[in-house]
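Hello,

Here is the structure I said I would pass on. My notes on it follow below.

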Amino acid sequence: MKDESTTMAESWHKNLKNKHREALIAAGKSLFMKKSFLNVNIKEVCELAGVSRVTFYKHFRSMDELIFEVQMDVLEGMTGYLEGIGVEARDGKAKLRLILEAWIDYARQHPDYLKFILLFDLYYEAYDSDHELKHRYEQFIVTKKERHFLTETLEAGLRDGSLQPGLHPLETGQFIFTAMMGLLQKVSLVPAAEMAGESIDDPIPQRFVDMILQYLADGPHN
């Protein structure tokens, strides 16, 4: 059996290792939001995290692996935030509106996250990268789709009658996610000098939400 001192030492090393990994992810995330991840190097990440290059390679095989981790961290943060919205809503439709409006507000507060997600998807779809990393990321996305944060809300709307019957919650949720992300990413790319025009603060996202909810509640109009 391990004595108490050995167990404490192992626990300390494990905690330190986890802190270093978290510090590297946080440093990478901070740098990637300030400038394209294509312009960030390992030295910059290590300096900001306060660790050595040797420590970096204890946690990540390459910069690509860190970028993939940050992408998953950003997506987890966004979906986690949205999952907590609308708990007290009167019905599924009302909850869906609160979630989608909170999504617009989230994008307004974090335009760099939306731009990072877009650049990541475009870059790694266009270029051949580590197949193991891509497979791991694809599995992460599949899991997210199977437990989509909009699915439960759509199912609630079907049960309480606030949304039209016949909707497929999983497919509809995936469509809404893709459509919202595409719109919010587009307007997040507008330079600050042009924010008075088409931007996160523009009524276009809100009108889009109104259109989605009208369709889901009333169906298409002839």
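How much area does the chain expose, and what share of it do carbon and sulfur atoms supply? The chain exposes about 12900 Å², and carbon and sulfur atoms supply 54% of that; accessible areas come from the Shrake-Rupley method with a 1.4 Å probe, and for residues only the protein chains shown count as cover.

This is a predicted model, in which local features need pLDDT of at least 70 and side-chain atom pairs count only at pLDDT 80 or more, while totals for chains, interfaces and linings use all residues. Residues are numbered from 1 along each chain as its sequence is written, and side-chain values use heavy atoms, with hydrogens and water left out.

The whole chain

The chain has 10 helices and zero strands (DSSP runs numbered from the N terminus: helices are H or I with at least four residues, strands are E with at least two). Of its 222 residues, 41% are buried (buried is under 20% relative accessible area, exposed over 50%, partly exposed in between, with a 1.4 Å probe and protein chains only).

Helix α2

Helix α2 covers residues 42-49, and Ile42, Val45, Cys46 and Ala49 are buried in it. Seen down the axis of α2, these buried residues fall within an arc of 95°, so they line one face of the helix (the arc is that of the directions from the helix axis to the C-beta atoms). Lys43 and Glu47 are exposed, on the face turned away from the buried side of α2. Just after α2, glycine 50 has a positive phi of about 75°.

Regards
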